[in-house]
2 protein chains.
Amino acid sequence: MNQLKGACLFGQSGGPTSVINASALGVLETALGQECVTQVYGCAHGVKGILEDNLYDVRQEDPAELALLRYTPSSALGSCRYKLKDSGQDDADYKRILEIFQKYDIRYFFYNGGNDSMDTCNKISKYLMSQNYECRIIGVPKTIDNDLAGTDHCPGFGSAAKYIATSCMEIYHDANVYDTGTVVIVEIMGRNAGWLTAAGALASFQGAGPDLIYLPERPFDLEQSMAQIQQIYQRRGNCLVALSEGILDASGKFIAEYGQDVATDAFGHKQMGGAGAFVANEVKRRFGYKVRSIELSLLQRCAAHCASQTDIDEAYLAGKTAVDLAVSGVTDKMVGFERQPGPVYSVVPKAVDLAVTANTEKKVPLEWISSDGVGLTQDFIDYALPLIQGETQLPFANGLPRFAQLKKIKASAPK
Amino acid sequence: MNQLKGACLFGQSGGPTSVINASALGVLETALGQECVTQVYGCAHGVKGILEDNLYDVRQEDPAELALLRYTPSSALGSCRYKLKDSGQDDADYKRILEIFQKYDIRYFFYNGGNDSMDTCNKISKYLMSQNYECRIIGVPKTIDNDLAGTDHCPGFGSAAKYIATSCMEIYHDANVYDTGTVVIVEIMGRNAGWLTAAGALASFQGAGPDLIYLPERPFDLEQSMAQIQQIYQRRGNCLVALSEGILDASGKFIAEYGQDVATDAFGHKQMGGAGAFVANEVKRRFGYKVRSIELSLLQRCAAHCASQTDIDEAYLAGKTAVDLAVSGVTDKMVGFERQPGPVYSVVPKAVDLAVTANTEKKVPLEWISSDGVGLTQDFIDYALPLIQGETQLPFANGLPRFAQLKKIKASAPK
C-alpha cells in the first residue's frame with residue numbers, strides 16, 4: 001500500500017438530495033477513523049469554500065450529531081454552482097486551490113456531486129497532477145437525476161423515485177374521489193433525462209399511478225398528447241399525467257417555452273418550469289375539463305422523510321468506499337455501482353474514471369419506453385424497483401424529523 | 001336504551017384528507033359489529049350516491065382489505081361537492097332521499113365531511129324528522145382546514161399539519177444550501193382560516209421553518225411584507241415564507257386576485273391559487289433576488305405516508321363514536337373532541353349540535369398570532385404540537401404504500 005499522510009477535505013456541490021449527507025457521513029466517519037488522515041475538513045459551499053479559505057473543522061463536531069447526517073436532507077456543509085474555467089484559459093482558481101491545499105496539507109480530497117461537480121473534481125485532479133502535488137482525489141456521486149455515466153445508478157435517485165412514486169400514488173387516490181372528473185398534471189424534475197418522471201411508473205405498475213408518462217427522451221407531440229389525455233379521460237373519467245419539466249418537441253423546443261421565456265443558469269442550463277402548467281392550460285382550453293397542475297418542486301430532492309433506506313445505505317457506502325479507495329492508493333476516480341447478476345438485488349462499488357462521468361448524461365434507454373411512448377416497460381420496473389425498497393429509519397422528535405445540527409466551526413490552518 | 005333496528009348508511013363528502021378513511025373504518029367496523037344494524041351500506045360519492053340509488057354493500061368487502069382503510073388517503077367511497085337546496089324552496093332531493101332511505105330501511109346515517117357536509121347532514125336530519133321518519137343521524141367531522149366549530153380540532157388537520165411542518169423543515173434545509181441566497185415562498189391551503197399555514201410554525205419553533213408566516217386572519221399588506229422579506233434576506237442571506245392561498249388585503253381583495261381573475265365553485269367559494277406566485281414575482285421584480293414559489297397543492301390532504309398516528313387514531317375514534325352514539329339513541333349531532341385539561345394531552349369525544357357546526361368557520365384566534373403578525377405564539381404551538389405526534393404505521397409493499405383496494409359492489413335493496 002502506498003501510504004500517504006495528510007489532511008482530508010470533503011465538499012458538496014450542485015443541487016442537494018435527500019441522501020447526500022449520508023455520503024458525507026460515509027466520507028467523514030471513515031476518514032476520521034484513518035491513521036494516515038491527520039485532519040478532516042469540510043468545504044463551506046463546495047469549491048467556493050476552498051477559494052475563500054473557508055473550511056470547517058469536522059473533528060469539532062459531536063459524533064452523535066454527525067451521525068444524524070445519515071437521515072438529514074440537503075447539503076449540510078453548503079453547496080455551490082461554481083464552474084471552474086479550463087486551467088489552460090485561466091488558472092487563477094487552480095493556483096488558489098493548490099495554495100489552500102498546501103496551506104492545510106490536504107492529501108485527500110472528496111467531492112460529492114453530479115455531472116458538473118465531477119467535472120470540477122476532474123479538473124482539480126488533473127491540475128494537481130500537472131503540478132506534481134500528490135493528492136488522492138475521488139468523486140462521490142449524487143444526483144436525483146440519475147444521469148451519471150459509469151454507474152448502474154446514482155445515490156439520491158432511489159429516494160427521489162420513492163417520493164415521486166409515493167406522491168403520484170397518493171395524488172391518484174385523491175384525484176379520483178369526485179364523479180365529475182379531473183385531469184391532474186404532475187410536473188417532475190429532469191432537464192434532459194427522464195429517470196425521475198419514469199419513477200411515476202412504479203406507482204402505475206401497482207395500479208394507482210399516472211395514466212400517461214412523458215419523458216424528454218422522446219419528442220413531445222402536443223396534438224398527440226391532447227388526444228391521449230382525452231381518450232383516457234373519456235374512458236375512465238379522470239386522467240393523471242406525469243411529465244418531465246424538460247419535455248421538448250420534435251424541433252427541440254421546450255414545451256415550457258411554449259408559454260414563456262426561460263432564463264439560463266451559470267452552466268448554460270435552461271431554467272425549466274412551466275411545461276405542466278402549459279399542458280394543463282391546453283387541456284382546459286380545448287376540452288373544458290377541470291384540471292390541476294402540480295409541481296413536485298424542491299421536495300423531490302429534499303423529502304428525507306420519504307427516503308429509501310436502500311438509497312441511504314448505498315449513499316453511505318459510496319462515501320465510505322471513496323475514502324477506502326483513496327487510502328489504498330487510488331486517485332482520479334469516481335465511485336460507481338455495479339449491479340450484480342441474479343434474482344436478488346445487490347451492488348458492489350467500483351472505481352470509474354472521472355473523465356468518463358464528467359459532463360456526460362445517461363438517459364433512459366429508449367427500449368425501456370413502451371411502444372406507445374407513454375409508459376415504461378417491465379425492464380425499467382426491474383431496474384428501479386429495488387432502489388426504492390426500505391423505509392427510512394429517520395428519528396423524529398416532537399412529531400417532526402430530527403435532522404443534524406452541525407456546529408460548523410471554521411478551521412484554522414495547522415502551524 | 002332506545003333500540004332501533006335497521007340498515008346503516010355511510011357517506012363521505014367534500015375534499016378528502018389523509019385520514020378520512022380511518023373515520024370510515026371506525027364507522028363501518030363498529031356498525032358491522034352491532035346487532036341492531038341489519039345491513040351496512042356506503043354511498044358512492046356521498047349524497048349523490050343516495051340520489052342516484054348507487055350504494056355499496058360493505059359486507060361484501062374483505063375485512064383485511066377494509067382494515068387498510070385506516071392508512072389509505074382520500075375518500076375510498078368517492079366524494080362529491082353537491083349542495084342541497086333548502087327544503088322549503090325545493091324538496092325534490094329530500095323526497096328522493098327519503099324514498100331511498102325507505103327502500104333500504106336506513107335507520108342509521110353517518111356523513112363524513114367538513115362544514116358544507118355538516119350542512120347537508122343537518123338538512124337531511126331536519127327533513128327526516130319533519131317527515132317523522134325515524135333515523136339516527138350523526139356527522140363525522142373531517143377537514144384539513146380545522147375550521148369546524150364545536151370541536152377542539154378536526155380529524156385530518158393533524159396529518160396535514162405534520163406534512164406541512166415536515167415539508168417546510170425539509171425545504172428550509174434545501175433552500176439554505178447555496179451562499180447566493182434564495183427567497184422561497186410556500187403557498188399553503190386555507191381559504192379563510194389559517195390553521196394549515198400556521199402549522200409551518202411547528203418547524204420554525206424547532207429552528208428550521210418559515211421566517212415569515214402570513215395567515216388570512218390578518219390583512220396582508222404587500223409593502224410591509226416586501227420590507228419584512230428584504231430585512232430577513234439581508235440579515236441571514238435567505239428567506240422562507242409560508243402564506244395561505246387565501247390571504248387578502250385590508251380592502252378584502254385576495255392577493256391571488258392581484259395577478260389573475262378567479263373562478264367560483266358550486267358553494268360560492270372562490271378558487272384560490274396564485275398568491276404565492278404573485279408574492280414571489282414581486283420579490284423578484286423589486287429586489288432581483290432568486291425566488292422560488294412552491295404550492296404544496298393536493299399533497300397536503302393526501303400525503304398519508306406522512307400522517308400523524310394521533311390523527312389516525314382520533315379519526316377512527318370519531319367514526320366509532322358516531323355509531324356508538326347513534327346506537328345509544330343520539331341523533332342530529334356531530335362528533336366533536338373536548339381536550340382535557342392537564343399537562344398530558346388527551347381528548348374525549350362528545351356530541352355537538354349539527355346546527356352549530358354547519359356553515360360556521362373557526363379561525364385562528366388573533367391572540368395566537370404574534371404581535372408583528374408574521375409568526376405564531378406558544379399558545380398555538382401548545383395547541384397544535386400534540387396533534388402531529390406519532391408516525392403512521394402505514395404498511396408498505398414493494399417500497400410503496402399498500403393502500404386499501406375495495407371491491408365496491410353495488411348493493412341491491414332488501415326484499
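**Exercise 1. Strand partners in chain B**

Task: In this predicted model, find which residue of β10(B) stands opposite B:Ile138, then describe the strand pairing around it.

Solution.
Step 1. The residue opposite B:Ile138 is B:Lys333, in β10(B).
Step 2. Strand β5 of chain B covers residues 136–141, and strand β10 of chain B covers residues 333–339. The two pair in the parallel sense, over 2 bridges.
Step 3. Turn to β11(B): it runs antiparallel to β10(B), and 7 bridges join the two strands. Within that pairing, B:Glu338 has B:Val348 of β11(B) as its bridge partner.
Step 4. Both senses belong to the usual repertoire: strands of a sheet pair through backbone hydrogen bonds, either parallel or antiparallel.

**Exercise 2. The sheet of chain B and its helices**

Task: Give the strand order of the 7-stranded open sheet in chain B, name its edge strands, and state what α5(B) and α13(B) touch on the sheet.

Solution.
Step 1. The order reads β3-β2-β1-β4-β5-β10-β11, and the pairing is mixed.
Step 2. Pairing on one side only marks the edges, which are β3 (55–57) and β11 (347–353) of chain B.
Step 3. On average, neighbouring strands are turned by 30° against each other, with direction ignored.
Step 4. Helix α5 of chain B (residues 115–130) packs on this sheet and touches β4 (106–113), β5 and β10 of chain B. The direction of α5(B) makes about 175° with that of β5(B).
Step 5. Helix α13(B) also packs on the sheet, with contacts to β4, β5, β10 and β11 of chain B. Its direction makes about 170° with that of β5(B).

**Exercise 3. Two helices of chain B in contact**

Task: Describe how α1(B) and α13(B) pack: angle, axis separation, handedness and residue classes.

Solution.
Step 1. Helix α1 of chain B spans residues 20–32 and helix α13 of chain B spans residues 309–327; they pack at an angle of about 35°, with axes 7 Å apart.
Step 2. The crossing of α1(B) and α13(B) is right-handed.
Step 3. From α1(B), the contact includes B:Ala22, B:Leu25, B:Val27 and B:Glu29. From α13(B), it includes B:Ile312, B:Tyr316, B:Lys320 and B:Asp324.
Step 4. Sorted by class, the contact of α1(B) with α13(B) has 9 nonpolar, 4 polar and 3 charged residues.

**Exercise 4. The sheet of chain A**

Task: Work out the order of the open sheet in chain A and place α1(A) and α13(A) on it.

Solution.
Step 1. The sheet has 7 strands in the order β3-β2-β1-β4-β5-β10-β11, with mixed pairing. Its edge strands are β3 (55–57) and β11 (347–353) of chain A.
Step 2. From one strand to the next, the twist averages 30°.
Step 3. Strand β10 of chain A (residues 333–339) pairs with β11(A) in the antiparallel sense over 7 bridges. There, A:Gly336 has A:Lys350 of β11(A) as its bridge partner.
Step 4. Helix α1 of chain A (residues 20–32) touches β1 (6–12), β2 (37–43), β4 (106–113) and β5 (136–141) of chain A, and its direction makes about 175° with that of β1(A).
Step 5. Helix α13 of chain A (residues 309–327) touches β4, β5, β10 and β11 of chain A, at about 170° to the direction of β5(A).

**Exercise 5. The largest cavity**

Task: Which residues line the largest cavity, and how many cavities of 30 Å³ or more does the structure hold?

Solution.
Step 1. The structure holds 4 cavities of 30 Å³ or more. The largest contains about 50 Å³ of space.
Step 2. Chain A contributes A:Tyr163, A:Ile294, A:Glu295, A:Leu296, A:Ser297 and A:Leu299 to its lining. Chain B contributes B:Tyr163, B:Ile294, B:Glu295, B:Leu296 and B:Leu299.
Step 3. β9 (291–295) of chain A and β9 (291–295) of chain B each supply at least two lining residues.
Step 4. The lining has 8 nonpolar, 1 polar and 2 charged residues.

Notes: Residues numbered from 1 in each chain as written. Chains lettered and ligands numbered in written order. Predicted model: local features only at pLDDT ≥ 70, side-chain atom pairs only at ≥ 80, totals over all residues. Heavy atoms only, no water. Axes fitted to C-alpha atoms, helices over the stretch in contact; angles between N-to-C directions. Helix = DSSP H or I, 4+ residues; strand = E, 2+ residues; numbered from the N terminus. Left-handed = near helix turned anticlockwise from the far one by under 90°. Contact = heavy atoms within 4.5 Å. Nonpolar A, V, L, I, M, F, W, Y, C, P; charged D, E, K, R; others polar. 1 Å grid on protein atoms, 1.4 Å probe; cavity = no way out; pocket = protein on both sides within 12 Å on 5 of 7 lines; lining within 4 Å. Points joined across faces, edges and corners; volume = space filled by probe spheres on them. Pairing = 2+ DSSP bridges.
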